[in-house]
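Thanks for making room for this on the agenda. I would like to walk through one structure with you, slowly, and please keep the view open while I talk.

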Amino acid sequence: MALTKKKSHSPMQLIRGWQESAKAFISGRKDEELEPEEYLKLKQYISDLEGHLGELHRQSARVLKKQLSYAKAMNDVGTGMILLGECESGELTESFRRAGDKAAELSKASQKLVTELHANFEQPLKGLLQSVDSVKAVMSDRSDALARISHLESSINAKKLRLGKLRADPLKSDRVPQCQRELEDLHQLLTEANEQYQLIVERMRSEMSRWQMEKSTDLQHLLKEFASSNAKLSKYSASVWESLAMGTHSPES
């Protein structure tokens with residue numbers, strides 16, 4: 001089996017590669033500067049939104065994991081209380097049995113909270129992140145379209161210079177028609193590229209407005225669900241322990 005020899009790169013090849021990378025970086029930066037300031041602010045907002053949503057989603061997953069751990073621990077506490085009560089007698093046994101039952105109820109309520117928050121908070125956050133990814137994909141298409149316009153404009157300018165040189169050189173006048181056709185083709189491609197770019201811009205203008213409204217509504221809803229679910233568990237927990245405290249009597253001396 002023949003081994004493929006790895007090609008070595010000369011210093012000049014490396015330098016040319018760096019030059020191409022630098023040109024691409026400068027061109028990309030210049031292309032972005034052609035965008036309206038309002039759009040550049042939108043891009044920054046989308047970037048910030050993605051970061052904050054991602055962090056919130058990660059932290060919500062941590063909360064649910066800890067809530068599940070709390071539910072299991074509370075169930076174990078309840079079991080421990082019942083077993084401890086069985087070692088005693090009379091009212092003390094009954095008190096620990098009731099406490100164990102209440103702990104088991106709270107464990108189930110905590111597990112229910114996890115289920116609710118997963119469906120009404122964590123999953124919607126994930127959905128919002130996916131919608132942000134879709135917006136970023138469209139923005140990437142828009143950047144590519146603008147970059148193509150810049151590339152074609154540069155190609156046209158270079159072709160015009162070449163055409164001028166060919167016309168000025170009698171020995172190369174036979175190449176002029178071919179160069180003219182190539183220039184016309186480039187102009188046609190530029191027209192199509194501009195149309196494609198404008199189509200993306202117009203679609204984004206209408207779709208982003210709708211998306212922003214839906215996103216705001218979704219954020220309000222998931223915040224309400226998060227607060228409501230936690231409030232219900234807190235209220236239920238307080239009610240359970242309060243009823244237990246009122247029903248527990250100190251042993252007679």
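Let me begin with the term I shall use most: I call it a salt bridge when a side-chain nitrogen of Lys or Arg lies within 4 Å of a carboxyl oxygen of Asp or Glu. Please bear in mind throughout that this is a predicted model, and that what I quote has been computed from it. By that criterion the structure holds 14 salt bridges, of which I will go through a few.

Take glutamate 94 and arginine 97, which form a salt bridge whose closest N and O atoms are 2.3 Å apart. The two residues sit three places apart in helix H3, and therefore about one helical turn separates them. Both partners count as partly exposed, glutamate 94 because its relative accessibility is 28% and arginine 97 because its value is 36%. This pair also belongs to a wider arrangement, since Glu91, Glu94, Arg97, Arg98 and Asp101 are linked in a network of salt bridges.

Now to bridges between helices. Which residue does glutamate 50 pair with in a salt bridge? The partner is lysine 136, and the closest N and O atoms of the two are 2.8 Å apart. Here distant parts of the chain are linked, with glutamate 50 in helix H2, residues 37–86, and lysine 136 in helix H3, residues 91–168, at a separation of 86 residues. Glutamate 50, at 23% relative accessibility, counts as partly exposed, and so does lysine 136, at 36%.

A further bridge joins the side chains of glutamate 116 and lysine 232, at 3.9 Å from N to O. Because glutamate 116 lies in helix H3 and lysine 232 in helix H4, residues 176–247, this pair ties together parts that are 116 residues apart in sequence. Is glutamate 116 buried or exposed? Its relative accessible area is 19%, and since buried means under 20%, glutamate 116 counts as buried.

Helix H3 has come up repeatedly, and I should describe it in its own right. It has 78 residues and reaches 113 Å from its first C-alpha to its last, which is close to the 116 Å expected at 1.5 Å a residue. There is nevertheless a kink of about 40° in H3, centred on histidine 118.

Let me turn to the rings. How many aromatic pairs does a search of the whole structure find? It finds one, formed by phenylalanine 121 and phenylalanine 226, which are tilted with respect to each other, at 4.7 Å centre to centre and 35° between the planes. This pair, too, links distant parts of the chain, phenylalanine 121 being in helix H3 and phenylalanine 226 in helix H4, 105 residues apart. Phenylalanine 121 is buried, at a relative accessible area of 6%, whereas phenylalanine 226 is partly exposed, at 29%. Another ring worth pointing out is that of tyrosine 39, over which the charged end of arginine 142 sits, 3.5 Å from the ring centre.

I will finish with one more residue of H3, lysine 159. Its relative accessible area is 19%, so this lysine is buried. What is lysine 159 in contact with, leaving aside neighbours within four places in sequence? The residues in question are Cys179, Glu182, Leu183 and Leu186.

Conventions: Residues numbered from 1 in each chain as written. Predicted model: local features only at pLDDT ≥ 70, side-chain atom pairs only at ≥ 80, totals over all residues. Heavy atoms only, no water. Helix = DSSP H or I, 4+ residues; strand = E, 2+ residues; numbered from the N terminus. Buried < 20%, exposed > 50% of the residue type's maximum accessible area, 1.4 Å probe, protein only. Expected span 1.5 Å × (residues − 1). Bend = angle between axes of the 7 residues up to and from the residue. Phe/Tyr/Trp six-rings, centres within 6.5 Å; stacked < 30°, edge-to-face > 60°. Lys NZ or Arg CZ within 6 Å of the ring centre and 35° of its normal. Contact = heavy atoms within 4.5 Å.
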